[in-house]
Amino acid sequence: MDTVDVIGPAAARRAALAAQGFADARPSGPVTRRHLARLLDRIRLLQLDSVNVAVRAHYMPVYSRLGPYDPGLVDDAAWTHSARRPRLLVEYWAHEASLLPVVDWPLLLSGAKRAGWWRHYETLTAREPGLVDELLAAVKELGPVGAGTLETVLGAGAVRPKGASWWARSDVKRICEYLFGVGALTTGARVHFQRLYDLPERVLPPEVLATHPADPETSARTLVLQAAGALGVATEPDLRDYYRLGPAQSQRAVAELVDDGALEPVVVRGWRHPAYRLPGARIPRRVSARALLSPFDPLIWERARTERIFGFRYRIEIYVPEPQREYGYYVFPFLLDDALVARVDLKADRAAGVLRVPGAFAEPVESSVPAADRPRVVAELATALREMAAWQKLDGVVIGERGDLAAPLAQEI
């Protein structure tokens, strides 16, 4: 019987950071489309989210790894294309709503991934086939086009009554979401973050369209392998979560990949569950990183894994009433070397032209860095905040009063 490697938690942490691109030097010159493509080959996903308190979620992971860059690089890769410059990214439900390489679109529509919340609108499409046909015809004529315009054009789905729930969507909106979910529509563009629908054949390359529908079993194995590459060392639930695969599908794919030698088991001391990695997965001897991380960064978006790897308990508090928040509304963990050493509540105040830091908190010594290194944490965090403000074209950083790092940060800034 082949022996299974046993590694320590520190090695697993460095493997995860290397897989996510934090063990590599940042580009020495301007960040280019080639840099972005290489990064996406590694992490595979940029999660989308509507919150825009500090910076849109899909821009931040690129910045955290590559440094200051023009966000238009992501916009261009995701929402514009031409014959000479094909689209690099497409929007679909992956971990959550995400931007992903166009070649992955058929994999996620193959049936390997569990159908999303939009499946509940299938009865509506069956009941209103004429509306579906009219909607597709309107998108073909007008696209890329928003759901609001389609509601007006089709004369369906009245505006929500005052006080109605956000979920009380019109039939047109519901059908748009369903058709997006099954791949009959995709995102042609976004304007002020509003999704504009278009037909896949006008957005995606012919070779990508030709591979849809893909085989679900093959797709599941491919997605698990990509998750393993992005995570470095991971349990089966970790691998499953990256693309939100079904448990049975993921477990079967992992077993088959292990049998084929494409995935190798590894024991991580202190982990309750078996772990896996790609053969030859990189474990650097040390990691010298400095990065502020969005709440939706793929390094930390699975909270149980984040706690297991970094000893860092993280919960987003957007929906927690303000008096009950422990750290703040939109909190960014701070990565220094191979540890999450602090967290800061951030807000881009564009009217005042400053990056506000209402709260700044050091992690407990036992879970991050020795007390003697705290002055370095403050200095490095101050530098990271100034760099982020400059990237966002803000004039400075204003430190608030909450947290044990607030006073020393204010002195450093």
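This text goes through a predicted model, beginning with helix H7 and the elements around it and then turning to two buried residues, Leu292 and Thr306.

Helix H7 runs over residues 129-142 and so numbers 14 residues. From its first C-alpha to its last it reaches 20 Å, close to the 20 Å expected at 1.5 Å a residue. Five names make up its buried set: Leu131, Val132, Leu135, Ala138 and Val139. Viewed down the axis of H7, these buried residues fall within an arc of 130°, and they therefore line one face of the helix. The other side of H7 carries Asp133, Lys140 and Glu141, which are exposed.

The buried residues of H7 are covered by several elements of the chain. Among them are three helices, H6 (122-127), H8 (147-154) and H9 (171-181). Strand S6 (194-198) also belongs to this cover.

Two of these covering helices, H8 and H9, can be followed further, since they also meet each other. Their axes come within 9 Å and cross at roughly 125°. An angle over 115 but not over 145 degrees counts as oblique, and H8 and H9 are therefore oblique to each other. The crossing in which H8 passes H9 is right-handed. On the H8 side, the residues that take part are Ala147, Leu150, Glu151 and Leu154. They meet Val172, Lys173 and Cys176 in H9.

Further along the chain, Leu292 lies in strand S10, which covers residues 290-292. Its relative accessibility is 3%, and because buried means under 20%, Leu292 counts as buried. Apart from neighbours within four places in sequence, Leu292 is in contact with Met60 and Ser64. The same list of contacts includes Phe332, Pro333 and Phe334, as well as Val344 and Leu346. Leu381, Ala384, Leu385 and Met388 are also in contact with Leu292. Tyr314 is 22 residues from Leu292 along the chain, and the C-alpha atoms of the two are separated by 14 Å.

Thr306 is placed in helix H14, residues 303-310. With a relative accessible area of 1%, Thr306 is buried. Its contacts, again leaving aside neighbours within four places in sequence, include Leu299, Ile300 and Trp301. Gly311 and Phe312 are in contact with Thr306 too, as is Leu340.

Technical notes: Residues numbered from 1 in each chain as written. Predicted model: local features only at pLDDT ≥ 70, side-chain atom pairs only at ≥ 80, totals over all residues. Heavy atoms only, no water. Helix = DSSP H or I, 4+ residues; strand = E, 2+ residues; numbered from the N terminus. Buried < 20%, exposed > 50% of the residue type's maximum accessible area, 1.4 Å probe, protein only. Arc of directions from axis to C-beta. Contact = heavy atoms within 4.5 Å. Axes fitted to C-alpha atoms, helices over the stretch in contact; angles between N-to-C directions. Parallel < 35°, antiparallel > 145°, perpendicular 65-115°, else oblique. Left-handed = near helix turned anticlockwise from the far one by under 90°.
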